There are 2 protein chains.
Amino acid sequence: MRDKFMQMAIDEAKKGLEEGGIPIGSVLVRGEELLGRGHNKRVQDGNPIAHGEIDCLMNAGRVGSYRNTVLYSTLMPCFLCAGAIVQFGIKKVIVGENATFHGTGEFMRAQGVEVINLQDEECISMMRDFIQNKPQLWNEDIGVD
Amino acid sequence: MRDKFMQMAIDEAKKGLEEGGIPIGSVLVRGEELLGRGHNKRVQDGNPIAHGEIDCLMNAGRVGSYRNTVLYSTLMPCFLCAGAIVQFGIKKVIVGENATFHGTGEFMRAQGVEVINLQDEECISMMRDFIQNKPQLWNEDIGVD
């Protein structure tokens, strides 16, 4: 079941799509407190590092400790974003889906991260449509050439 | 043996130290062509994602394909930076040292990345001095709390 934070991540993804970007959104929370939100900005900022989760973590800024934080993402994280999650000690990740991109659920779980996958239909169709419309942009984002 | 690109990475690290930041520098090259250079800017930019390698990859911008690129870093990458290397398909990494931070050499090698570790004395002493002087800042950077 989708909660308000996953809805916020989806809203971020849609904002990215409207800007001509890649529709992946993310939020970082601690309990009921929103620490940061963001979306993929590879196209908008010409920044290959600005994946949704990374943009969210940048916007959250120096939170000091990531203890008890939960990261939401509309899509299962890639190695870049999973690396950030593991390195910063974020112990819980809630993702919209991994049907369009398998991602690194196994890697994160092996590193002690709890990963919950909602397989949300709207998240799936949003990415499926995007990949169909702009396959080159998607391949660039995940380092396929 | 240190080549000109590792020297450039060390110069970046020193620039970071002069700015009051964490002394880790990085450059991205393809053959003799310099694609990007950068250094850790957590303190300078208040950005937890701006590790040395990440700042370098941001500065390089959208290079399209990372085929045949080599990433230099004065320090063995953490999971965040190793995740970027693996996801983007960078197949060779040359690091200054891993005596002060063990890092993710095993992870990168298991993912097919060639990792060369110079154990450069200047890189080691630069980080050793920094960690001794500012242990809290260093722990924040690698997500220890």
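## Salt bridges across the contact

A salt bridge is a side-chain nitrogen of Lys or Arg within 4 Å of a carboxyl oxygen of Asp or Glu. In this predicted model, 4 salt bridges are counted between chain B and chain A. One of them joins the side chains of Glu140(A) and Arg62(B), at 2.7 Å from N to O. Polar contacts were counted too: 12 residue pairs between chain B and chain A, both residues at pLDDT 80 or more.

## Elements on the chain B side

Four helices of chain B each give two or more residues to the side that touches chain A. They are helix 2 (42-45), helix 3 (52-60), helix 4 (79-88) and helix 7 (135-141). Helix 4 of chain B gives the largest share, 7 residues. By type, the residues on this side of chain B divide into 17 nonpolar, 10 polar and 6 charged.

## Extent of the contact

The contact takes 33 residues from chain B and 33 residues from chain A. About 2,800 Å² is buried between the two chains. Carbon and sulfur atoms give 61% of that area. In chain B, Arg62(B), Phe79(B) and Gln87(B) lose the most area to chain A. Together they make up 27% of what that side buries.

## How the copies are related

A turn of 180° and a shift of 0.0 Å along the axis lay chain B on chain A, with an RMSD of 0.0 Å. The two copies are thus related as by a two-fold rotation axis. In chain B, the C-alpha nearest the axis belongs to Gly83(B), 2.4 Å from it.

Which surface does each copy use? Of the interface residues of chain B, 100% are also interface residues in chain A, so the copies meet through the same surface.

How values were computed:
Residues numbered from 1 in each chain as written. Chains lettered and ligands numbered in written order. Predicted model: local features only at pLDDT ≥ 70, side-chain atom pairs only at ≥ 80, totals over all residues. Heavy atoms only, no water. Contact = heavy atoms within 4.5 Å. Buried area = accessible area lost by both parts, 1.4 Å probe. Polar contact = N/O pair within 3.5 Å; in protein donor to acceptor, adjacent residues only side chain to side chain. Nonpolar A, V, L, I, M, F, W, Y, C, P; charged D, E, K, R; others polar. Least-squares fit on C-alpha atoms with pLDDT ≥ 70 in both.
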